[in-house]
Amino acid sequence: MQIGKHNGINTALETFLATPLDELLEDGKATAPLALFRQVVTTVPAYRAFLRDHGIDPESIKSKADFQRLPLITKKNYLKLHSMDSLCRNGDLNGCDMIAVSSGSTGQPTFWPRTVADEFAVAVRFEQIFHDTFYAEQRRTLAVVCFPMGNWVGGMYTASCCRWLACKGYKITLAAPGNQPSEILRVVRELGPNFDQVVLLGYPPFLKGVIDQGIAEEIDWSSLNVRMVFAGEVFSEEWRSLVAHRISSTEPSLDFASLYGTADAGVLGNETPLSIRIRQYLARHPDAARQLFGESRLPTLVQYDPKHRYFETEGGTLIFSADGGVPLVRYHIADSGGILAYEEVLHFLGGFGFDPRVGLERGVRPLPFVYVFGRADFTVSFYGANVYPENVSIGLEQPGIAEWVSGKFVLQVREDADRNLELHVMVEMAPGQAADESRRVAASESIRAQLVRLNSEFANYVPTKAQLPQVELRPSGDPEYFPVGIKHRYTRR
C-alpha cells in the first residue's frame with residue numbers, strides 16, 4: 001500500500017473541506033512557477049529527458065525570465081514521445097487513480113492520468129459558481145450532469161466536483177443522466193419540483209437542444225428556476241440571451257456560467273457574474289471589444305486563480321503550467337487568446353464610464369482574466385479572410401431563424417465546377433422542424449449580414465458576389481454532419 005499517496009489525498013481533501021471559499025481566493029496573486037518547475041524536474045522522468053533533449057540544464061533556471069526560456073511542451077513533442085509511466089510523478093502511473101480521455105477534437109484522443117487530489121483545485125472553480133452565482137449554500141439545488149459519462153473527462157470530473165461541494169455542505173443533490181435527452185428530461189420533470197433550483201451542466205448546443213425539446217414536451221422551465229453551466233465552446237451573448245429567454249431568466253449574469261476547461265488540466269478558469277457583465281457590455285460595444293481583444297469577434301472571458309494555473313501567451317496563443325497527474329510546464333494548448341490583469345480591465349472599462357461591479361452582491365473578486373477565442377486552427381480562410389464560427393453563430397441566432405435551428409452548423413470552403421471558392425454552411429434544424437427554400441435563403445442572408453457587420457476582413461476581402469454563403473439545411477441528428485452523442489466540431493477542412 002502507498003501510504004504516502006493516500007496521506008496526500010487526505011490532506012488535500014481536508015484543506016478543501018475546511019477552508020472557506022473566501023480564504024481559498026483571498027489574494028489572487030500568482031504563485032511563482034519556478035516551484036512547480038523544480039518539483040517536476042525532480043520527480044518526472046519524461047520532463048528531465050525533454051530538457052536534456054533540448055540542451056537545457058535545469059540548474060540554469062533560476063528566475064522568471066529563465067523560466068520563460070524553457071521550451072514549450074505539446075502533445076506531439078512531449079506526451080506522444082514518452083511512456084505514460086514516465087510522464088507521471090516518480091515515473092509511476094500507479095500514483096494516479098483514474099484515467100480521463102480528451103475529446104479528440106483535433107486528432108486522436110489522448111489519455112490523461114489523474115488523482116483525486118487533482119479534483120480539489122478544480123472543485124474550487126465549481127464552488128465559485130455554485131456560491132457566487134447560484135447561492136447554493138442557501139438554495140436546495142438539483143445538479144444535473146449532462147456531459148457524456150464514462151472515460152470522457154467532462155462527465156466524471158463534473159460529477160466528482162459537485163459531490164465534493166455537497167460534502168462541503170452545499171445544498172446540492174446530484175443526478176448524472178449523461179447526454180441522453182430523454183433521461184435528462186425525465187430527471188428534470190420528476191425531481192426538479194422538489195428543489196429551489198435546477199442546474200444543468202453540459203455543452204452549450206446540447207443543452208440548448210435539451211431546453212428546446214423540453215419546450216416541445218411542455219416542460220415549464222420557468223417554474224424550475226433553471227441555471228446553466230457550460231464548457232467546451234465559445235458562444236455569443238445573443239445566444240445566451242436567446243437561451244435565457246427560453247428558460248425565463250431575467251438576469252443571465254446570475255443564471256449562467258461557462259467553464260474554460262480541458263482534459264489536459266481540468267478547469268482552467270470560469271465565468272463569474274463580473275466577467276459576464278463585462279462580456280455583455282462588450283457585445284453591445286464592439287468597438288470597445290476590438291480595442292481590448294484586438295479582434296472583431298468576442299471571446300469567452302473568464303477569471304482564473306493564478307495560484308493553481310499559471311498563464312502566459314506567445315504568438316497570440318495561450319500557454320499554461322499546472323500540477324496534476326501529468327504535471328505540465330509551459331504547455332502549449334493551441335488556444336487563441338490572451339490574459340488581462342483585473343485592474344487593467346476595470347481601468348479600461350472606466351474609460352467608457354462603465355463599472356461592472358455596481359449592484360453585484362457576490363462574484364467581485366480581484367482575480368486576473370483570461371480570454372479564449374478557441375483553438376487557433378478552428379477558422380477557415382476565404383479570400384484571405386479568417387471566417388470564425390462565432391460570427392456564423394450570431395447569424396443563426398437572429399429572431400425569425402433561431403426558432404427553427406438547433407444552433408449547430410459546419411463551416412467549409414469548397415470549390416465549384418469552375419474552381420471558384422464558395423463558403424458552405426451546413427445547418428442543423430431543431431427537432432421537429434422541416435427545411436424549405438424560404439428558410440434556407442433566410443439563414444444564408446442572415447449569416448452574410450452578420451459576417452459583414454462583425455468581420456471587417458470578410459467585409460473588405462471577400463468580393464460582394466461571393467459573400468452570400470451556400471446554406472444547406474440538415475435534419476436534427478443528421479449522421480453525416482450532426483451525429484448524436486459526439487462532440488461537435490464547427491469547421492471542416
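Over the ring of which residue does the charged end of R279 sit? The ring belongs to F235, and the charged end of R279 lies 5.6 Å from its centre. A charge counts as sitting over a ring if NZ of Lys or CZ of Arg is within 6 Å of the ring centre and within 35 degrees of the ring normal.

Welcome to this structure, a predicted model in which local features need pLDDT of at least 70, side-chain atom pairs count only at pLDDT 80 or more, and totals for chains, interfaces and linings use all residues. Residues are numbered from 1 along each chain as its sequence is written, and side-chain values use heavy atoms, with hydrogens and water left out.

**The overall chain**

The chain has 18 helices and 18 strands (DSSP runs numbered from the N terminus: H or I of at least four residues for helices, E of at least two for strands). Its radius of gyration, taken over C-alpha atoms, is 23 Å, close to the 23 Å that the globule rule (2.2 Å times the number of residues to the power 0.38) gives for 493 residues, so the chain is as compact as a globular protein of that length. The C-alpha trace spans about 65 × 55 × 50 Å along its principal axes. Of the 493 residues, 55% count as buried (under 20% relative accessible area, with a 1.4 Å probe and protein chains only).

**The aromatic rings**

There are 26 aromatic pairs in the structure. Rings of Phe, Tyr and Trp (its six-membered ring) pair if their centres lie within 6.5 Å; planes under 30 degrees apart count as stacked, over 60 as edge-to-face and the rest as tilted. Here are two of the pairs:

| Pair | Type | Centre to centre | Between the planes |
|---|---|---|---|
| F230 and F235 | edge-to-face | 5.3 Å | 70 degrees |
| Y260 and F311 | stacked | 6.4 Å | 20 degrees |

The pair of Y260 and F311 links distant parts of the chain: Y260 is in strand β7 (residues 256–262) and F311 in strand β10 (residues 310–314), 51 residues apart. Both Y260 and F311 are buried, and so are both F230 and F235. Ring pairs also join Y260 and F311 with W112, Y304, F320 and Y331 in a cluster.

Another charge over a ring comes from R114, whose charged end sits over the ring of Y157, 4.0 Å from its centre.

**A look at P204**

P204 is found in helix α10 (residues 204–216). P204 is buried, with a relative accessible area of 2%. The C-alpha atoms of P204 and Y490 are 13 Å apart, while 286 residues separate the two along the chain.

Note on methods. Buried means under 20% relative accessible area, exposed over 50%, partly exposed in between (1.4 Å probe, protein chains only).
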